[in-house]
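Visitor: I have a few questions about burial and packing. Could you take me through them?

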Amino acid sequence: MASPLWIQRGFADEGFYHMRHVAARLQQVLLRRLNRHKASKCPPLFDRDWYLAEYPDVAQSRMDPWRHFLRHGVTQGRRANPLFDTFWYLENNPDVARSTINPLVHYWRHGALEGRDPHPNFSTSLYLSKYGDVANAGCNPLFHYLKWGCAEGRSIWPSTTGGNRSEAIDLLSGCAELNVPAALDDLLNCLRQAEATDIQDGQMLEKYSKLLSEAQEILKKRGMRAVVGAGVREVAGLLDPSNLGPSSNTSWVEDYRSIRSTFGDKVALASILRHLANAADGNLRQTACANPERRAARSVNSDFEYTYELIKEDGVVPSRRPRNDADYALEVPFSFGTKSRSESTIAIVLHCFYPDVLPDMLRYFEKIPRSADIFISTDTLEKCEEIRDICQSSWQKGTFEVRVFENRGRDIAPKFVGFRDVYARYELFLHAHSKRSPHGGEPLARWRDYLLENICGSQDIVESILTLFDDDSIGLVFPQHLFELRGILNWGYDYDLARDLLERVGVKLSKDMVLEFPSGSMFWGRSDAIRGLLDLELAFEDFPEEAGQIDGTLAHAIERSILFAVESAGFEWRKVVKRELYQKPETVLRVSSLLDLAKWRHFVFQPVLARPVSGVMPSERAIPETRAILTYPSRSERPRLNLLVPTVNPSQTFGGISTAIKVFGEIADALGYDRRIISTCAPIEAAAVERFSDYTLTPMGPSSDTTEWSLNDAFDRSRGRLDLRPFDIFVATAWWTARFAFDFNDIRRASGKTPPPVIYLIQDDEPNFYGWSSKWSLAEATYKRPDETIAIINSEELFASITERYRFSQSFCLPYQMNATIKQSLKANVRERTIIIYGRPSVTRNAFELVVDALFLWQQRNPSLAAQWSIVSLGEEYSRDWALPVQNFSVVGKASLQQYAEYLSTASVGISLMISPHPSYPPLEMAEAGLLTIANNFSHKKLEDRYGNILPVELMEPAAIAEKIETAIFQAEKELVGHVTFGGRGPSTTTVDWQVYDPIALADIYKSLRLDHAAPRTVTRQL
């Protein structure tokens, strides 16, 4: 078939191309006109009559009011109706302001659906949440109110956007006509619906419903955050622990509908709760600076400004810096009488390139209330003579010495190289220099005076700073940054130099770390705190010749490295500022007593060596249980034993976790130290709090860390940091918890501490849970830190398998023993035709599919006999349908120890498989209770050597397992069914040549380490 002519010609005809171009151009013009028509079409929200009455000049002009609004009204800030504030809408929605769309049209088409508010006195989301009929009808809330709602007497609420959020909350909490605020009233309705659909434990919902019913009183006394920001988020975590339906801060009604249709009622309800909690956090962000004590509940990830791009276009390396409203400093002078307890002489190390400013600087130093020797460097003999003359006539507080050095390294090289010998003779020093910044123009002209005013501005200021050094852990005190510099506090061109320098100090630098440093390099310090930099023995030749450089030199790199070196030596730092000198006074913290110094420590001291954020690594997103737990150095010197465990909730606690809790308690009793349990993978439920009633449920810190027995919920990694004491001992119970424990030790080691080894409770060969994969690699890596690990390995079989392949500093075997409660609850009963299986479909190594397949094959081969036998699944709850077409099958799920003992006392046959070298306790418990037990061999595991009534499975496939079931049933019919029996034949005795776990012996090891690793520096007073 011949091709059409236009294909044969291949579009070569120029007329054809011209026609296509004209058609495309015409289409563009028509579409543009159509869009303009749509954009210029008057939305129902525009009130023509009101506009003309409100603006008489428009009426007099006889211009169409909508056209006037389009052409002039928007730019003039005129309102389209009583509740649409044009300027306010643009100010609070900068994306709309940057676009070309008319703001009223935007709200009509998009804004209301996105939850945006049109006026400071009208909340879109609260109107929709209170009036479900409006939301269900899909009606624009403002249009509804103006057209019908106002006449019907419906209420409106102020916007929760921007600065009006707190006003909205105040109004909500004071609404006399409402029992609870509208949003919480809606929440209660959802909870009642949830109860009706039985989507959560009834008692739990009843408890939280009662709590929220009292919200009005709580709001009046403690504010919105007390209910929404904490309690509501806790309920959300219970309903949706996996966070499947995170809510946005906009369009939460639409989110609810979408999430409900996708994930169901439970997750949708959690999304509402999280939206309300986010609303509370929004208010918190507005007021956190004014009330810093509330900041601790804010997401730690939100306190920094950072970009992951590697370098800027100009080659500058960007830094992670605290946000302006999250960067705190202590106010000096302190507002209480201060007097340092030390009278030791201070060394003032001063680089004086400009001798003409020296008299002014000496007047500042005269305010130091104790003797001070001054060491001055300069670059020429002429300047040296001038400086000597000035000091001879003006300096009376101590000795002075002037040295001449070549002009390299600005003030940094003279301080760290030229006067290296000075620091050994003085405990404290003051660094200063005759700073001028000619490259900075007028904004930096006051920099020198700003720095000196903040560190030597008065005798009271100096006394306040010296009082800080009464705490032996304080290594450096420096002024808050000059505000004009805050936008350029980055690594500049100094990162590579700083990285190489700090590597020699023992610090592994990362761009991801927080960059904090004494900009301007004037500060008070403790000589021991900078010893790491002094010991590098730098020389003047290491610094480039002076050429007016403003960045990219070793001196600039040292300035940015100082705090890293201070922290690596085991010290802390503080920032100070005079309130009237700093443009953000809300971040200046008033110090009225010594107690305030401890109170404000968490805000001012943000360690540069600490990991700044959690959950950003690709592996953390792919393997969420590995999300880092952020830490904060505790000032408590008391030793503490810590249990890192995936969950403590009774409904989620199986054999391994029960064993971990038991072992932890035994070691803690033997040590007599403080103790802490940290749940890493599940929010702590009320039942767990009741179970551990001796413990205090403690939120993620940082805190004063004084609780002796604490229970910490670390599930939400973004909500705070975990207090980390110098002698915290960690008991790891799963491979990712071991990663946390090793990370905690690495953090303390980087900060100059000597952490104790990790106690690693190994209860299975965990790497092989995952096959060859990232998880396998990460899990196995935790077995390869031998010098940092004391291993407790659960069961003789697993001990033999693990110690054959891995080495630890010490290894203890935890022999199998039947749980005492189970043993005491066993009774002599008539054995019935019951098979109990250990059924955990979620745990692949328990081979659930093979077990039910084998049961199916056995039943089909022996229908008459099988009809007489019932099958009971213990372990975890799941749908009965998962076992179909197996008959006579019931799912009990997680049973209490007493219920479990009852089944062990009456059943005749047990089945429990474990595809790992660990025997697992259920088959051993079944056998010890007297059941004919089907279990599998693996590696070193031969369970028939323990109990003669265990029938080993050699070939792990359904037909072979079915044959073992048939053998067991045949034997049970002859020996057990209808007979009264109590227990089995008893375990075979085995001789072992390894060290058996003994909590007292283990405690003695750590008590000895505690004595050996006691901190050489005694903190005489903690502030």
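Visitor: Is Ala135 buried or exposed?
Guide: This is a predicted model. Ala135 is found in helix α10, residues 132–137. Buried means under 20% relative accessible area. Ala135 has a relative accessible area of 9%, so Ala135 is buried.

Visitor: How many Å apart are the end C-alpha atoms of helix α20?
Guide: Helix α20 covers residues 381–394, which is 14 residues. At 1.5 Å a residue, the helix should span 20 Å. The model agrees, with its end C-alpha atoms apart by 20 Å.

Visitor: What arc around the axis do the buried residues of α20 cover?
Guide: The buried residues of α20 are Lys383, Cys384, Ile387, Ile390 and Cys391. They sit on the same side of α20, because their arc around the axis is only 130 degrees.

Visitor: Which residues are exposed on the other side of α20?
Guide: Exposed means over 50% relative accessible area. The cover over the buried residues of α20 includes α19 (358–365), β5 (372–378) and β6 (400–404). Exposed on the other side of α20 are Leu381, Glu382, Asp389, Gln392 and Ser393.

Visitor: Which helix gives the most to the largest nonpolar core?
Guide: The largest nonpolar core has 108 residues. Phe365, Trp524 and Phe564 have the most contacts inside it. With nine residues, the helix that gives the most to this core is α27, residues 554–568.

Visitor: How many residues are in the other core, apart from that one?
Guide: Another core lies apart from the largest one. Ile657, Leu671, Tyr695 and Phe727 are among its members. Its residues number 34.

Definitions and conventions
Residues are numbered from 1 along each chain as its sequence is written. This is a predicted model: local features need pLDDT of at least 70, side-chain atom pairs count only at pLDDT 80 or more; totals for chains, interfaces and linings use all residues. Side-chain values use heavy atoms; hydrogens and water are left out. Helices (H or I, at least four residues) and strands (E, at least two) are DSSP runs, numbered from the N terminus. The expected span of a helix is 1.5 Å times one less than its number of residues. Buried means under 20% relative accessible area, exposed over 50%, partly exposed in between (1.4 Å probe, protein chains only). The arc is that of the directions from the helix axis to the C-beta atoms. Contact means heavy atoms within 4.5 Å. A nonpolar core is a set of buried Ala, Val, Leu, Ile, Met, Phe, Trp, Tyr and Cys residues joined through side-chain atoms within 4.5 Å.
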